[in-house]
Amino acid sequence: MFDTLTYANKLKAAGFTEQQAKAQVEVLVAIVNEDLATKKDLELLRKDLELLRLEFKGQFTLLKWMLGVTIAGTLSLVLKTFFG
């Protein structure tokens with residue numbers, strides 16, 4: 001958590017006016033609130049990534065089955081042509 005009062009007081013102690021310190025705090029708070037991810041944001045991202053992983057795993061499994069059936073069908077046609 002960002003302590004805005006302490007930050008403003010440090011700015012004033014360093015020679016900033018009240019208005020300058022207030023403006024500086026407001027800008028910094030806006031930047032922090034806009035650009036930082038919260039624990040909730042990270043948890044939502046983790047859940048989204050897990051769903052994508054499961055979706056890709058399912059699609060990969062389906063692709064393996066489709067490839068297997070295609071190879072088996074092609075192989076049966078080749079064998080039938082040469083040995084049938």
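Is Glu34 buried or exposed? Select Glu34 and look. At 68% relative accessibility, Glu34 counts as exposed (over 50%; buried is under 20%, and partly exposed lies in between, with a 1.4 Å probe and protein chains only).

Before moving on, note that this is a predicted model, where local features need pLDDT of at least 70, side-chain atom pairs count only at pLDDT 80 or more, and totals for chains, interfaces and linings use all residues. Residues are numbered from 1 along each chain as its sequence is written, and side-chain values use heavy atoms, leaving out hydrogens and water.

**Stop 1: around Glu34**

Show helix α2, residues 18-35; Glu34 lies in it. Helices here are DSSP runs (H or I, at least four residues), numbered from the N terminus. Now add Glu55, 21 residues from Glu34 along the chain. Their C-alpha atoms are separated by 31 Å.

**Stop 2: the start of α1**

Select Asp3, in the segment before α1. At 42% relative accessibility, Asp3 counts as partly exposed. Helix α1 covers residues 4-13, and Asp3 caps its N-terminal end. Show the side chain of Asp3 and the backbone of Leu5. A side-chain oxygen of Asp3 lies 3.3 Å from the backbone nitrogen of Leu5. Next, select Val25. Asp3 and Val25 are 22 residues apart along the chain, with their C-alpha atoms separated by 9.7 Å.

**Stop 3: α1 against α2**

Go to Gly15, just after α1. Gly15 takes a positive phi of about 110°. Then show both helices together. How do their axes cross? The axes of α1 and α2 come within 9 Å and cross at roughly 140° (axes are lines fitted to C-alpha atoms, for helices over the stretch in contact, and angles run from 0 to 180 degrees between N-to-C directions). That makes α1 oblique to α2 (not under 35 degrees, not over 145, and not 65 to 115).

Which residues meet? From α1, select Thr4, Tyr7, Ala8, Leu11 and Lys12. From α2, select Glu18, Ala21, Gln24, Val25, Leu28 and Val29. Contact means heavy atoms within 4.5 Å. The residues of this contact divide into seven nonpolar, two polar and two charged.

**Stop 4: along α3**

Show helix α3, residues 39-83, and select Lys40 in it. Lys40 counts as exposed, at 63% relative accessibility. Add Ile71, 31 residues from Lys40 along the chain. The C-alpha atoms of Lys40 and Ile71 are separated by 46 Å.

Technical notes
Helices (H or I, at least four residues) and strands (E, at least two) are DSSP runs, numbered from the N terminus. A polar contact is a pair of N or O atoms within 3.5 Å; within protein, one must be able to donate a hydrogen and the other to accept it, and residues adjacent in sequence count only if both atoms are side-chain atoms. Ala, Val, Leu, Ile, Met, Phe, Trp, Tyr, Cys and Pro count as nonpolar, Asp, Glu, Lys and Arg as charged, and the others, Gly among them, as polar.
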